[in-house]
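Here is a colleague's note to read with the structure open beside it. Please take the points in order and find each residue as it is named.

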Amino acid sequence: MDVGTAVADVLLGASLRQIAAAYRQSLIEAFDFRPEDLTAETFLDETMLFMRKVARHLGDRHAGDARVGAALHAWVQTVDHYEAWDALLSGFEFPGKGALVRRGRKLFAGPLTAHWQGDGD
């Protein structure tokens, strides 16, 4: 799976959790791992690096698209990747955004979050 395929899948309704699972599975198959050799950590770093690229691409190229906003919103509930948070908070408006902006500002350094605008900002 490449970034373009992942983005197309999100635009068709796939969640970023589904994308991450599919990407990890593709690595497992490519390296011919046996099920008994797998752990939760197997290809976790590689998968998260890929997901950071997907989030950045979604934010840069699909800001404002409700499907993308929903996918990113669900994803930031499970990860603390700046790329996902920035893509969501820089390119989308949604109810409760102010609370996520406040939470994100606690997670990430001030210069990285200064451009985020939320409810009441």
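**Notes on the chain, point by point**

1. The place to begin is Asp65, which sits in the loop between H3 and H4. Please keep in mind throughout that this is a predicted model. Asp65 has a relative accessible area of 19% and is therefore classed as buried, since buried means under 20%. Setting aside residues up to four places away in sequence, Asp65 touches Leu11 and Phe92.

2. The side chain of Asp65 also takes part in a polar contact of 2.6 Å with the side chain of Arg67, and Arg67 itself belongs to helix H4. Arg67 counts as partly exposed because its relative accessibility is 45%, a value that falls between the limit of 20% for buried and that of 50% for exposed.

3. What does the side chain of Arg67 reach at 2.9 Å? The partner is the backbone oxygen of Leu11. When neighbours within four places in sequence are left aside, the contacts of Arg67 are with Val10 and Leu11. A related distance is that from Arg67 to Leu12, for these two residues are 55 places apart in sequence, yet their C-alpha atoms are 8.3 Å apart in space. Leu11 thus appears twice in this account, in contact with Arg67 and touched by Asp65.

4. It may help now to step back to the whole chain, which has seven helices and zero strands, so that the pattern read along the sequence is α-α-α-α-α-α-α. The C-alpha trace spans about 50 × 30 × 20 Å along its principal axes. Of the 121 residues in the chain, 39% are buried. Among the contacts between residues at least 6 apart in sequence, 51% join residues that are at least 24 apart.

5. The largest nonpolar core contains 35 residues, and Leu16 and Leu72 are those with the most contacts inside it. Two or more residues of this core come from each of helix H1 (3-11), helix H2 (16-30), helix H3 (44-61), helix H4 (66-76), helix H5 (82-91) and helix H6 (97-107). To follow one residue of the core outward, take Leu16, which, apart from neighbours within four places in sequence, is in contact with Val10, Met51, Val54, Leu58, Ala71, Leu72 and Trp75.

6. The largest pocket deserves a separate look, and about 160 Å³ of space lies in it. Its lining is formed by Arg17, Ala20, Ala21, Arg24, Leu44, Thr47, Met48, Trp75, Thr78 and Val79. Sorted by class, this lining has six nonpolar, two polar and two charged residues. Both H2 and H3 supply at least two residues of the lining, and H2 gives the most, with four residues. Trp75 is worth finding on the structure, as it is one of the lining residues and is also in contact with Leu16.

7. Two residues in the loop between H2 and H3 call for a check of their backbone angles. Most residues other than glycine have a negative phi. Asp32, in that loop, has a positive phi near 55 degrees, and Phe43, which is found there too, has a positive phi of about 65 degrees. Are these residues buried or exposed? Asp32 counts as exposed because its relative accessibility is 64%, whereas Phe43, at 12%, counts as buried.

8. Towards the end of the numbering, Arg103 is placed in helix H6 and counts as partly exposed because its relative accessibility is 35%. Leaving aside neighbours within four places in sequence, Arg103 is in contact with Val76, Gln77, Asp80 and Trp85. Between the C-alpha atoms of Arg103 and Ala114, which are 11 residues apart along the chain, the separation is 13 Å.

9. The last residue to examine is Thr113, found in helix H7 (residues 110-113). Its relative accessible area is 2%, which means that Thr113 is buried. Not counting residues up to four places away in sequence, Thr113 touches Gly104, Arg105 and Phe108.

How values were computed:
Residues are numbered from 1 along each chain as its sequence is written. This is a predicted model: local features need pLDDT of at least 70, side-chain atom pairs count only at pLDDT 80 or more; totals for chains, interfaces and linings use all residues. Side-chain values use heavy atoms; hydrogens and water are left out. A nonpolar core is a set of buried Ala, Val, Leu, Ile, Met, Phe, Trp, Tyr and Cys residues joined through side-chain atoms within 4.5 Å. Buried means under 20% relative accessible area, exposed over 50%, partly exposed in between (1.4 Å probe, protein chains only). Contact means heavy atoms within 4.5 Å. On a 1 Å grid over the protein atoms alone, a cavity is a set of points where a 1.4 Å probe fits but cannot get out, and a pocket is an open set with protein on both sides within 12 Å along at least five of seven lines; lining residues have an atom within 4 Å of a point. Grid points are joined across faces, edges and corners, and a volume is the space filled by probe spheres set on the points. Ala, Val, Leu, Ile, Met, Phe, Trp, Tyr, Cys and Pro count as nonpolar, Asp, Glu, Lys and Arg as charged, and the others, Gly among them, as polar. A polar contact is a pair of N or O atoms within 3.5 Å; within protein, one must be able to donate a hydrogen and the other to accept it, and residues adjacent in sequence count only if both atoms are side-chain atoms.
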